[in-house]
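User: I am a first-year student and would like a close look at a single helix of this model. Please describe how it packs against the rest of the chain.

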Amino acid sequence: MATIKTIKNNYYLLTKQERFGLYQKAMLREDENELEAIFAATSMKSFNVIDFYFLREEIFRLDTGNLLARLGHTAMFKAFFRGVGGRLTKEPEHYMKMASSSAYLYVIETDAWAKVCDDLGFEVDWFRTLTKIICFAVDEMESLDFLMRDLAFTEDQVREFINESKGKNLTEKSEIKTIDQLVKSYRSLIEEI
């Protein structure tokens, strides 16, 4: 942790990367005094931004979070789907159900974000085209979309599978992640911006 005096006296000796590192560490520690010292020692630049600039940035963050969730569900689907035909697998039916559960999660994440974007007049394909350019895994995920949708469990099938696996009766809708819950969650996050 740098002292406030050290920051003020040596700030311009640091590279931009070192200054950002100080800022990031202070943010992680929630050290308001050090953050104030960093801001006081930093030269500020003035520029004009469009009135929805910060909304745009938050929407990109939400889209990135959705993308990461979908990529994670795709990775799990692939792992379980490969396990179905694996030589070491003694329970291919169980692996297939796990693959179908992962596909369910992929589908509801994909469709919930698309629904929210559509409701708000955003072009979800624009976000997805941007990420496809920089991330090969997105191409791979999209090539599996049809298969995952075809093999995905319904909400009731997921509930039945979890009941089987855990030996309990899930009757509450809130105990299973649903597309409606995801839509509501995304909308509330956007409303907070």
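Analyst: The following account concerns helix α5 and its surroundings. This is a predicted model, in which local features need pLDDT of at least 70 and side-chain atom pairs count only at pLDDT 80 or more, while totals for chains, interfaces and linings use all residues. Residues are numbered from 1 along each chain as its sequence is written, and side-chain values use heavy atoms, leaving out hydrogens and water.

Helix α5 spans residues 92-120, and its axis comes within 10 Å of the axis of helix α8 (residues 155-166), crossing at roughly 135 degrees. The two helices are therefore oblique to each other (angles under 35 degrees count as roughly parallel, over 145 as roughly antiparallel, 65 to 115 as roughly perpendicular and the rest as oblique). On the α5 side, the contact (heavy atoms within 4.5 Å) is made by H94, K97, M98, S101 and Y104; on the α8 side, by E155, V158, F161, E164 and S165. By class, four of these residues are nonpolar, three polar and three charged.

Helix α5 also holds T110, which counts as buried at 5% relative accessibility (buried means under 20% relative accessible area, with a 1.4 Å probe and protein chains only). Leaving aside neighbours within four places in sequence, T110 is in contact with R70, R128 and R149.

The largest nonpolar core (buried Ala, Val, Leu, Ile, Met, Phe, Trp, Tyr and Cys residues joined through side-chain atoms within 4.5 Å) has 18 residues, of which Y104, W113, V116 and I190 touch the most other members. Helix α5 gives the most to this core, with six residues. Not counting residues up to four places away in sequence, V116 touches V183, Y186, R187 and I190.

Notes. Axes fitted to C-alpha atoms, helices over the stretch in contact; angles between N-to-C directions. Helix = DSSP H or I, 4+ residues; strand = E, 2+ residues; numbered from the N terminus. Nonpolar A, V, L, I, M, F, W, Y, C, P; charged D, E, K, R; others polar. Buried < 20%, exposed > 50% of the residue type's maximum accessible area, 1.4 Å probe, protein only.
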